[in-house]
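Me: I should like to take a close look at one part of this structure, with the reasoning set out step by step. Please begin from the question that follows the display.

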Amino acid sequence: MHSSAELAYAEGDIAGGSARYERALELFGWPENALGPGPGALMLAAAALGAQVLHGGASAAAVLAAQLAELTVPTMSQYRDLPQIGAVACAIGSYLVAADREPSMGLDLLVLAPNVFCRQDFPSMRWQRHLDAAIARLGADQVAEARSRLGRLRRNDSADRIMRMLRSICAAR
């Protein structure tokens with residue numbers, strides 16, 4: 001279902017891609033049964049959120065973004081998988097920028113994602129696509145400043161910052 005959602009998006013079927021991602025999340029038991037072993041749930045939700053953002057659905061993604069943050073914090077606090085943390089940072093950061101909700105925090109999350117080698121398993125998770133969208137929305141200068149400020153942080157320092165920002169998102173809810 002995940003792959004067919006990406007295929008639908010690639011063919012220009014935005015509604016079909018969105019529906020398939022919703023069905024994939026439902027089949028996975030999102031969010032109630034999402035804390036099973038392995039990266040499946042967080043990666044699926046990050047891909048679904050990223051797809052919504054890239055295809056003009058950020059305004060309808062608030063619940064999914066909040067759920068993703070709320071599930072990532074306890075899961076990744078126990079077991080720090082940096083590439084998963086990066087994938088979540090990319091998706092939530094891109095959402096925050098696109099939805100104009102805390103865009104500066106969103107940009108920081110997005111810029112920190114490659115520092116932890118964010119997973120990019122599906123087209124909607126490709127970091128460069130989200131960065132390009134942020135540049136289009138915020139301007140090249142603002143994105144360049146964030147990259148200059150955060151781009152050289154070490155992996156663990158970047159993961160720590162990401163987790164702090166995700167915790168603040170959860171606390172604000």
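Is Phe117 buried or exposed? Please answer this, and then describe the surroundings in a connected way, including the cysteines, the helices and the largest pocket.

Reply: The model is a predicted one, and the description below should be read with that in mind. Phe117 counts as exposed, because its relative accessibility is 54% and the term applies to values over 50%. Phe117 is placed in the loop between helix 6 and helix 7, the latter covering residues 127–138. Its backbone also deserves attention: the phi angle of Phe117 is positive, at about 55°, although the residue is not a glycine.

The neighbour that follows in the chain is Cys118, and here the result is the opposite. Cys118 is buried, because its relative accessible area is 7%, and the word is used for values under 20%. The cysteine sulfur closest to that of Cys118 belongs to Cys90, at 5.4 Å, which is too far for a bond. Seen from the other side, the sulfur of Cys90 likewise has that of Cys118 as its closest cysteine sulfur, at 5.4 Å, again too far for a bond. The reasoning rests on a cut-off: a disulfide requires two cysteine sulfur atoms within 2.5 Å. By this rule, the count of disulfides is zero. Cys90 is itself buried, with a relative accessible area of 2%.

From Cys90 one may turn to helix 5, which spans residues 82–98. Ser94 lies in this helix. With a relative accessibility of 4%, Ser94 counts as buried. Its side chain is joined to that of His130 by a polar contact of 2.8 Å. When neighbours within four places in sequence are left aside, Ser94 is in contact with Val53, Ala89 and His130.

Beyond helix 5, the chain enters the loop between helix 5 and helix 6, where Glu102 is placed. Glu102 offers a second example of a positive phi in a residue other than glycine, with a value near 55°. A further backbone feature is found at Trp30 and Pro31, which are joined by a cis peptide bond with omega of about -5°. Pro31 belongs to the loop between helix 2 (14–28) and helix 3 (40–54).

Glu102 leads to the largest pocket. Tyr95, Leu96, Arg101, Glu102 and Ile169 lie nearest the centre of this pocket, among the 14 residues that line it. Helix 4 (62–78), helix 5 (82–98) and helix 9 (155–172) are the elements that each give two or more residues to the lining. Helix 4 supplies the largest share, four residues. By type, the lining divides into 10 nonpolar residues, one polar residue and three charged residues. The space within the largest pocket is about 250 Å³.

Val73 allows a closer view of helix 4, in which it is placed. Val73 counts as buried, at 13% relative accessibility. Not counting residues up to four places away in sequence, Val73 touches Met163, Leu166, Arg167 and Cys170. A separation can also be stated for Val73 and Ile85: they are 12 residues apart in sequence, and their C-alpha atoms are 9.2 Å apart in space.

To return to the opening question, Phe117 counts as exposed, whereas Cys118 is buried.

Conventions. Residues numbered from 1 in each chain as written. Predicted model: local features only at pLDDT ≥ 70, side-chain atom pairs only at ≥ 80, totals over all residues. Heavy atoms only, no water. 1 Å grid on protein atoms, 1.4 Å probe; cavity = no way out; pocket = protein on both sides within 12 Å on 5 of 7 lines; lining within 4 Å. Points joined across faces, edges and corners; volume = space filled by probe spheres on them. Nonpolar A, V, L, I, M, F, W, Y, C, P; charged D, E, K, R; others polar. Buried < 20%, exposed > 50% of the residue type's maximum accessible area, 1.4 Å probe, protein only. Polar contact = N/O pair within 3.5 Å; in protein donor to acceptor, adjacent residues only side chain to side chain. Contact = heavy atoms within 4.5 Å.
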